[in-house]
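Please open the model in a viewer and keep the selection panel at hand. The tour below proceeds from the ligand outwards.

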Amino acid sequence: MRVAFLGLGIMGSRMAANLVAAGHELSVWTRTEGKAAAWAVDLPAGDHPVPTVHDTPASAADGAEIVLAMVVDGQQVLALAEGLAADGGEGAGRLLVDMSTIGPESARAAATVIEATGWSFMDAPVTGSSPKAADGTLTIMAGGAEADFDRVRPLLDVMGALVLHVGGVGQGQMVKLINNAVAAANATALAQALLVAKATGADLDALVQVMGAGSGGSTMLNLKAGPMREHDYSTLFKLEHMLKDVRLCLEEGERAGVGFPAAAAAREVLNAAMGRGLADADFAALLEPLEGLAGIRL
Ligand SMILES: NC(=O)c1ccc[n+]([C@@H]2O[C@H](COP(=O)([O-])OP(=O)(O)OC[C@H]3O[C@@H](n4cnc5c(N)ncnc54)[C@H](OP(=O)(O)O)[C@@H]3O)[C@@H](O)[C@H]2O)c1
């Protein structure tokens, strides 16, 4: 299948590499000059079509049946949709699938723009950090028409292990936002638990083992207890992006008249971490402002 991939960041670079390895003919673009060419050079050798590198999204999308996007936020996806609508050639029969986390409102706005020129649109955000993007074992939740889901499914199956069609445009985004708000709340609770343990002289190794064995366990415990204890904030998922997702979830809940106090508390901690210059660090760095509040280091 001729596929365009727009956005080769932490996630996109790995997802696109899997599509190449699976034999798809890829044309790629990413914002930073020279980065896509370097990505193509670094691909593992193999018996697969060589991807083509482009200077603009429209050039990458030219002739592609399906265009996948993996950028940061709604503004960026809207700009891509507007660009493709203006310069992306004939839209009929073509599909833009945005895999970034941008919230349902932005997904619907992007759909309105691109569908006006005959394209179809789906949102298909993902969960699972860079290791799962690299392994092709992401969880992918897609919103849009059933027929469009069927068309893009072979590509999603290359990138993901659990691939679900969850409703119309924007519905994938809502499921994703709620998931990340829970993850942020769990990570915040974990950091606080570790600090209370440290302050009270509890055995941290034992605590992590006991929580992992039972009701205190979570994926965040498994993924982030180690990095937090070592203050290792090597970026798998940028703190700034986690804050984006929590904010979007809270906004959607507020619109529906439902609060999410645990997510609101996580937002405050993430905001405080942003104030410490940790936007690009892994979100495990939310530990830092909590250490500041507690007046201790793990
Ligand atoms: N990392 C994770 O664990 C994870 C997991 C699930 C979902 N997500 C979501 O997936 C999306 C991408 O995350 P990521 O971790 O891959 O982020 P990232 O490493 O920061 O990559 C962001 C991508 O967007 C591009 N970009 C940045 N600013 C842009 C702009 N103004 N206009 C056009 N393109 C722009 C970047 O281009 P250049 O690199 O060429 O500058 C890069 O390709 C986000 O929505 C994030 O919330 C991330």
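A polar contact here is a pair of N or O atoms within 3.5 Å. The model is predicted, and every distance quoted below is computed from it.

**The ligand and its polar contacts.** Select the ligand together with Arg31, where a polar side-chain atom is found 3.0 Å from a ligand oxygen atom. Add Lys244 next: a polar atom of the Lys244 side chain lies 2.8 Å from an oxygen atom of the ligand. Then display the backbone of Val72, of which an N or O atom is 2.8 Å from an oxygen atom of the ligand. The ligand taken alone exposes 890 Å², and the protein buries 89% of that area.

**The pocket and the shell.** Turn on a surface view to see that the ligand sits in the largest pocket. Now select the shell of 25 residues that surround the ligand; the closest are Thr30, Thr32, Lys35, Ser129 and Lys238. Coloured by residue class, this shell shows ten nonpolar, ten polar and five charged residues.

**Helices and domains.** Highlight α1 (10-21) and α11 (239-255), each of which supplies at least two residues of the shell around the ligand. Colour domain 1 (2-166) and domain 2 (174-294) separately: each contributes at least three residues to that shell.

**A last stop at a loop.** Which loop holds His231? Select the stretch between α10 (219-230) and α11, where His231 has its place. The phi angle of His231 is near 50°, a positive value in a residue other than glycine.

Technical notes: Residues are numbered from 1 along each chain as its sequence is written. This is a predicted model: local features need pLDDT of at least 70, side-chain atom pairs count only at pLDDT 80 or more; totals for chains, interfaces and linings use all residues. Side-chain values use heavy atoms; hydrogens and water are left out. A residue is near a molecule or strand if one of its heavy atoms lies within 4 Å of it. A polar contact is a pair of N or O atoms within 3.5 Å; within protein, one must be able to donate a hydrogen and the other to accept it, and residues adjacent in sequence count only if both atoms are side-chain atoms. Accessible areas come from the Shrake-Rupley method with a 1.4 Å probe; for residues, only the protein chains shown count as cover. On a 1 Å grid over the protein atoms alone, a cavity is a set of points where a 1.4 Å probe fits but cannot get out, and a pocket is an open set with protein on both sides within 12 Å along at least five of seven lines; lining residues have an atom within 4 Å of a point. A molecule sits in a cavity or pocket if more than half of its atoms lie within 2 Å of its grid points. Helices (H or I, at least four residues) and strands (E, at least two) are DSSP runs, numbered from the N terminus. Ala, Val, Leu, Ile, Met, Phe, Trp, Tyr, Cys and Pro count as nonpolar, Asp, Glu, Lys and Arg as charged, and the others, Gly among them, as polar. Domain bounds come from an automatic or database domain assignment.
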